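Here are some short exercises for practising how to read a protein structure. Try each task yourself before you look at the worked solution.

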Amino acid sequence: MEASNYRFKIMERICDLVFVVLIGFTLLGKTVDANEFEFDDAEFHANTTQMLSFLENFSNYSQSAAVYNPLYVGLTLIPGAAAKGAVCLDGSLPGYHLHRGFGAGANSWLVHLEGGGWCNSLRTCIYRKTTRRGSSKYFEKSLAFTGILSNRAEENPDFFNWNRVKVRYCDGASFTGDSEDRAHGLQFRGQKIWLAAMEELMSKGMRYANQALLSGCSAGGLASILHCDEFRGLFRRRTRVKCFADAGMFMDARDVSGGHTIRNMYQGVVSLQGSAKNLPRTCTNHLDPTSCFFPQNIVSNLRTPMFLLNAAYDSWQIIASLAPPSADHRGVWKACQKNPANCSPSQINFLQVFRKHMLNSLNRFSMSKQNGLFINSCFAHCQSERQDTWFADNSPLIGNKAIALAVGDWFFDRSSVKRIDCPYPCDKTCHNLVFRS
């Protein structure tokens, strides 16, 4: 199979250290314009939410275009959430989208946590509360359920008939914050949103589940790791409960200038939003809170079975963590970021070191029989929500195994799944993200 390349037209303009990326891309005849992706060369955190939204929006739009007449599921706000202090950044109600299971899946539940970056300063959180990432006032009234959320057996063979939920993300700290800034009208209530959403779903029948899977993409993938053992604690012991994180392995890695771009940003998230007390104690009992926002310091100590799906050359991390404008002053990484074919030998070597760092951090995790792993050598971000990467005729493969089948085999204990791809450029089944200026 040949690699599928998803091409975007990107316009950039720089003004007073701020540049706005206006993105228009055509996919299967459908053109989408996104004009909310604002980057700040002086402050990395203005970059993160926007680029994550960019890549996740691409997933949403591509999946909608790739599937004929996909299922759209309506929004439900949680009416009693405000009384519990469980509100979005702007104080509005949190919400979710639920499509009921049927047949043999009527008592099975898949809870998918939405992604969308983070905010780590008053400025970025004030901006965020004016978007769907910080206020339910801007939530879409319905969302396409495709990939792992699809209701079609031919698109989602193991989970199509389950109760499938997408929990909306409007706090900016992967559902972990619990503080406020009244002067600026900011509520950092991610942990309370998590609890209110779980209570709501339990009341809708999840308490009777005979099997349950917590999943998430990107910042939602990180959240599924951070909340995995909490999720397990909601159910009876005889209930089969597992967790799945897609593109959630954000690495504590040095950027191309030797700096700590992502660590500095995470430190702001944890500090501003009061996340420390809600992070896994198996980590915070021996590491600082910022370190405990990084999955590499958490996954090996989870008690609940976990499956990690990640691109070894995660597109978001390359663009916004490893080589952001603040670390790449001369722009020597821009061509490489847009297309891996443009990367120089030294840049490829840097990315191979990053891949090795990720794999080494998962050594202990992968030794546990209960855990699963699918690390493909693609330039991608979020592969479970997109139909073309989750399960289709030309889906990415490792050893002739598609992602959906690998996750299903692991969840139902049909086989052990520990699949790690050969290094780039050997995998010809990747759906790489390729940008066009």
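Keep in mind that this is a predicted model.

**Exercise 1. Is Arg182 buried or exposed, and which side chain does Arg182 meet in a salt bridge?**

Step 1. Start with the surface: Arg182 has a relative accessible area of 71%. The cut-off for exposed is over 50%, so Arg182 is exposed.

Step 2. Now look for the partner. The side chain of Arg182 forms a salt bridge with that of Glu180, at 2.9 Å from N to O.

Step 3. Check the partner too: Glu180 has 33% relative accessibility and counts as partly exposed.

**Exercise 2. Find the salt bridge of Asp413 and Arg240, and say where in the chain each residue lies.**

Step 1. The side chains of Asp413 and Arg240 meet at 2.9 Å, N to O.

Step 2. Asp413 sits in the loop between α13 (403-411) and β17 (418-420), while Arg240 belongs to strand β12 (residues 240-246). The pair therefore links distant parts of the chain, 173 residues apart.

Step 3. Asp413 is exposed, at 54% relative accessible area, and Arg240 is partly exposed, at 29%.

Step 4. For the wider picture, the structure holds 20 salt bridges. Another of these joins the side chains of Lys401 and Asp409 at 2.6 Å, and here Asp409 is buried, at 10% relative accessibility. Salt bridges also link Glu114, Arg132, Arg133, Glu140 and Arg168 in a network.

**Exercise 3. Which parts of the chain does the disulfide of Cys217 and Cys382 tie together?**

Step 1. Recall what to look for: a disulfide is a covalent bond between the sulfur atoms of two cysteines. In Cys217 and Cys382 these atoms are 1.7 Å apart.

Step 2. Place both ends. Cys217 lies in strand β11 (residues 211-217) and Cys382 in the loop between β14 and α12 (387-390), so the link ties together parts that are 165 residues apart in sequence.

Step 3. Look at the surroundings and the twist. Cys217 is buried, with a relative accessible area of 1%, and Cys382 is buried with 1% as well. The link is right-handed, with 90° about the S-S bond.

**Exercise 4. Are the cysteines of the pair Cys422 and Cys426 buried or partly exposed?**

Step 1. The two are joined by a disulfide, 1.7 Å from S to S.

Step 2. Cys422 has 36% relative accessibility and Cys426 has 34%. Buried would need a value under 20%, so Cys422 and Cys426 count as partly exposed.

Step 3. Set this beside Cys336 and Cys343, which are joined at 1.9 Å, S to S, and are both buried. A search of the whole structure finds eight disulfides.

**Exercise 5. Where is Asn371, and what does Asn371 touch?**

Step 1. Asn371 is in the loop between α11 (363-367) and β14 (372-376).

Step 2. With a relative accessible area of 6%, Asn371 is buried. Across the protein, 62% of the 437 residues count as buried.

Step 3. Follow the side chain of Asn371: it reaches the backbone oxygen of Phe365 at 3.1 Å.

Step 4. Leaving out residues up to four places away in sequence, Asn371 touches Thr304, Pro305, Met306, Phe365, Trp410, Val417 and Lys418.

Note on methods:
Residues are numbered from 1 along each chain as its sequence is written. This is a predicted model: local features need pLDDT of at least 70, side-chain atom pairs count only at pLDDT 80 or more; totals for chains, interfaces and linings use all residues. Side-chain values use heavy atoms; hydrogens and water are left out. Helices (H or I, at least four residues) and strands (E, at least two) are DSSP runs, numbered from the N terminus. Buried means under 20% relative accessible area, exposed over 50%, partly exposed in between (1.4 Å probe, protein chains only). A polar contact is a pair of N or O atoms within 3.5 Å; within protein, one must be able to donate a hydrogen and the other to accept it, and residues adjacent in sequence count only if both atoms are side-chain atoms. Contact means heavy atoms within 4.5 Å. A salt bridge is a side-chain nitrogen of Lys or Arg within 4 Å of a carboxyl oxygen of Asp or Glu. A disulfide is a pair of cysteine sulfur atoms within 2.5 Å.
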